[in-house]
Amino acid sequence: MHDPADVATPPLAMHPLATTLQWIADAAIPAHMSGNPPPFLLPQQIGPWRRVMAALRGWGGALLAERPGTGKTWIALGAALAESASVVAFVPAILRRQWECAAARAGVRLTCWTHERTSRGVLPATDAGLVIVDEAHRFRDPSARRTRTLAPWIVGRRVLLLTATPIVNRMGDLLALLRMIVPDDTLALDGTPRLGDLEGRIEGAAALRRVVVRTTGAAPVVFARKTEYVRPDSDEIRRGEAAVAIVNRLVLSESTTVRRLLRSVLLDAAGSSDAALWSSLHRYRALLLQARDAGGASRAMLRRFAGETLDQLVLWPVLDVAPMQGDLPLGDLHHLEEILAGPAPREAWIGRLIHRCLDGEVTTCFTRHRATAQRLRESMGDSAAWVTGVAAGIGPHRMDRENVLAAFGPARSTWRARRNAPLMLIATDVAAEGLDLHAAGRIVHVDLPWTAMRIEQREGRLLRLGQHRQQVEVVVRIPPPAIETALAPAARIDRKGEITRRWLTELEWSGEDARSPHSGVAVSLLTDGGHAAAVVAVLLAKGGRQGVIIVASADDGGWTTDRSLIDALLGRACHAIAVTSDASRCAHQIGEAIRAALALALARDSGHAAGLITRIHRTARHAASRRDAATMTRLDRLLRFAGSSPTTGARAILAQLAMLTDDNLIRADVADSPGLDSVSAHAVGAVMLV
């Protein structure tokens with residue numbers, strides 16, 4: 001059944017083409033909330049805050065995708081300050097103290113809950129009107145336990161996701177995040193019935209600006225950035241060749257997929273250090289022994305072996321459903337015993353790197369491998385601070401992780417844990433997200449991560465608000481040629497980085513223009529001697545949301561949203577001649593365009609819960625025959641929930657509801673969903689070729 005629609009159209013007025021095109025452009029401007037911003041926001045944070053507030057109010061969710069170091073935490077706290085109900089922030093454990101301190105400074109009361117507890121299936125025992133999820137890209141995998149735990153819990157709540165890197169590998173990462181917080185038909189008023197329709201359609205991504213906030217050119221002030229590449233010397237070249245030869249001695253698996261996975265794990269470790277390679281070889285040996293004792297390898301065993309570092313390479317859902325082909329070759333145990341019996345090679349590159357950094361500049365070194373961090377720490381002696389996922393310290397002495405990190409953050413000048421603050425921090429990627437380490441002026445990529453996203457996250461620890469240096473130095477260690485050829489990490493980073501940049505550029509908005517759409521209709525009537533045609537922009541509004549659909553008259557007499565045809569007609573109009581005519585002459589054609597746009601916006605898909613809706617209707621008829629008003633009220637709420645466009649969490653809840661008996665279904669408690677609001681539609685601009 002279609003929603004009721006109000007097709008009232010304001011009066012038409014003739015305008016020059018430039019004016020009409022401007023009115024059409026104004027209709028696509030993302031909504032901004034008026035009012036006084038919180039006093040703790042910087043001027044460049046006010047525009048994104050206004051957009052976040054408007055998205056939370058109109059859509060119930062927003063994704064703040066500003067660049068690293070621009071103060072997303074404070075923009076989120078600005079949103080929390082306006083919240084009358086409780087606020088819960090889901091943050092990585094390493095950032096919990098930082099969030100609590102910032103909230104106290106902002107005068108915001110919130111509950112901090114960690115990603116790690118969520119991954120264990122534990123949720124806060126508190127209600128929340130607003131939920132903030134920091135480093136939200138960690139929840140992009142719908143099959144991950146942390147996502148399966150959080151998604152149903154946030155249904156019915158306003159949610160603000162924070163991540164500078166919403167696209168890790170492909171556009172689907174961003175869409176997966178949005179499906180957690182907004183309905184699948186969020187962009188229906190912009191002519192996109194389902195979010196999945198945007199996959200691979202970069203020209204349609206601009207409508208996402210209504211719920212994705214990313215400001216054009218917004219970046220922390222850094223006057224210059226100097227990048228230096230440390231290329232392998234002859235010793236490092238030989239080390240790489242020896243490492244590849246070691247990996248090539250191993251059979252790894254009869255399955256091409258599994259062999260590629262295991263080979264990538266080992267070569268990736270070799271690209272970092274021989275210490276990391278030796279550690280991976282020991283883990284591979286343990287995997288073989290476990291498979292021997294268990295009578296074969298399982299996918300869970302392979303996933304534990306690969307770890308999170310390879311999540312960017314392996315499509316685990318595909319591997320999980322595919323049957324295992326062959327088994328792990330136990331013959332590799334003999335080769336491993338021979339390899340591991342000898343001493344690990346000496347790593348000359350460490351001395352070169354340490355010498356490069358002994359100039360008094362505060363330096364942060366990032367590596368993805370704990371064994372590499374350990375080797376660097378041993379080589380530096382007592383002078384280096386270190387942080388891994390399990391511990392932290394300075395030299396051989398363990399210390400509280402927050403205390404160690406404070407030596408490289410805003411409080412470095414007052415740091416008193418030791419006589420002298422350390423000059424070097426050696427960290428795994430546990431410290432690559434969210435932390436403020438701007439007391440350092442140099443960052444070293446000891447090894448290359450799998451994605452450009454991780455590089456941006458690492459460098460964002462230094463390239464951020466508060467960095468006072470006129471130049472920040474970035475040092476990139478290039479892997480040996482043999483490993484680069486076998487694994488191609490740099491090429492993969494460049495390829496994924498280009499995909500990410502292209503999509504994020506499309507999502508950017510200047511943030512300076514907060515004009516509202518015009519209430520009239522600007523019409524440009526032109527002639528170029530060709531066939532008659534029209535381009536009409538239709539503004540639609542429903543339940544506090546709005547969108548714009550641009551349609552063009554097709555050759556068959558219908559209307560289309562084909563972008564190439566629209567661009568071609570507007571190109572014709574730019575060279576056409578304005579003519580004088582009564583504006584009412586265009587009214588009929590504009591009315592047809594409005595009806596065509598409405599047909600797109602009102603397309604409804606309830607197939608996701610068709611069986612459940614049928615059961616609810618049947619149960620409701622029985623309740624009506626008994627005149628059971630209380631049951632009818634509960635079923636009406638349940639019907640609205642089942643019939644509305646779902647989020648990821650709502651789909652999970654619907655799947656659980658479908659398994660209940662009718663008696664239990666009647667008693668089910670679900671979040672309230674809006675009714676079928678009417679859709680208002682009117683044209684804001686029309687270009688008519690006669």
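Buried residues are those under 20% relative accessible area. By this criterion, helix α1 (residues 17-27) contributes Leu 17, Thr 20, Trp 23, Ile 24, Asp 26 and Ala 27 to the buried part of the chain. The model examined here is a predicted one, and α1 offers a convenient way into it. The cover over the buried residues of α1 includes the strands β17, β18 (533-542), β19 (545-553) and β22 (679-689), together with the helix α20 (563-574). In general, an α-helix has 3.6 residues a turn, so residues three or four places apart point the same way. Thr 20, Trp 23, Ile 24 and Ala 27 are among the buried residues of α1.

Before following these elements further, it helps to step back to the whole chain. The fold comprises 25 helices and 22 strands. For 690 residues, a compact globule would be expected to have a radius of gyration near 26 Å, and the 29 Å of the chain agrees with this. The C-alpha trace spans about 90 × 65 × 55 Å along its principal axes. Of the 690 residues, 53% are buried. Among contacts with a separation of 6 or more, 77% link residues 24 or more positions apart. The accessible surface amounts to about 29800 Å², with carbon and sulfur atoms supplying 53% of this area. As for charge, the chain carries 83 positive and 70 negative charges, and their mean positions lie 4 Å apart.

Back at the cover of α1, strand β22 deserves a closer look. This strand is largely enclosed by the rest of the structure, because 10 of its 11 residues are buried. Strand β17 runs parallel to β22, and 5 bridges join the two; within this pairing, Ser 524 has Val 687 of β22 as its bridge partner. Strand β18 also pairs with β22, here in the antiparallel sense and over 9 bridges. In β22, Ala 681 stands opposite Leu 540.

Ala 522 ties several of these pieces together. The residue lies in strand β17 (residues 521-527) and has a relative accessible area of 0%, so Ala 522 is buried. Leaving aside neighbours within four places in sequence, the contacts of Ala 522 are Ala 13, His 15, Thr 20, Trp 23, Val 684, Gly 685 and Ala 686. Thr 20 and Trp 23 are themselves among the buried residues of α1. A further link to the start of the chain is seen with Pro 16: the C-alpha atoms of Ala 522 and Pro 16 are 8.5 Å apart in space, although the two residues are 506 apart in sequence.

Gly 520 sits in the loop between α19 (489-507) and β17. Its relative accessibility is 15%, and Gly 520 therefore counts as buried, the cut-off being under 20%. With Val 155, 365 residues away along the chain, Gly 520 has a C-alpha separation of 38 Å.

Elsewhere in the model, 8 strands form an open sheet with mixed pairing, in the order β9-β16-β15-β10-β14-β11-β12-β13. The edges are taken by β9 (224-230) and β13 (397-398); each has a single partner strand, so one side of each is left without a neighbour in the sheet. Within this sheet, strand β11 (residues 384-387) runs parallel to strand β14 (residues 424-428), to which 4 bridges join it. One of the paired positions is Ala 385, whose bridge partner in β14 is Leu 425.

Notes: Residues numbered from 1 in each chain as written. Predicted model: local features only at pLDDT ≥ 70, side-chain atom pairs only at ≥ 80, totals over all residues. Heavy atoms only, no water. Rg over C-alpha atoms; globule rule 2.2 N^0.38 Å. Buried < 20%, exposed > 50% of the residue type's maximum accessible area, 1.4 Å probe, protein only. Contact = heavy atoms within 4.5 Å. Areas by Shrake-Rupley, 256 points an atom, 1.4 Å probe, with all protein chains shown as cover. Lys, Arg positive; Asp, Glu negative; His and termini not counted. Charge placed at Lys NZ, Arg CZ, Asp CG, Glu CD. Pairing = 2+ DSSP bridges.
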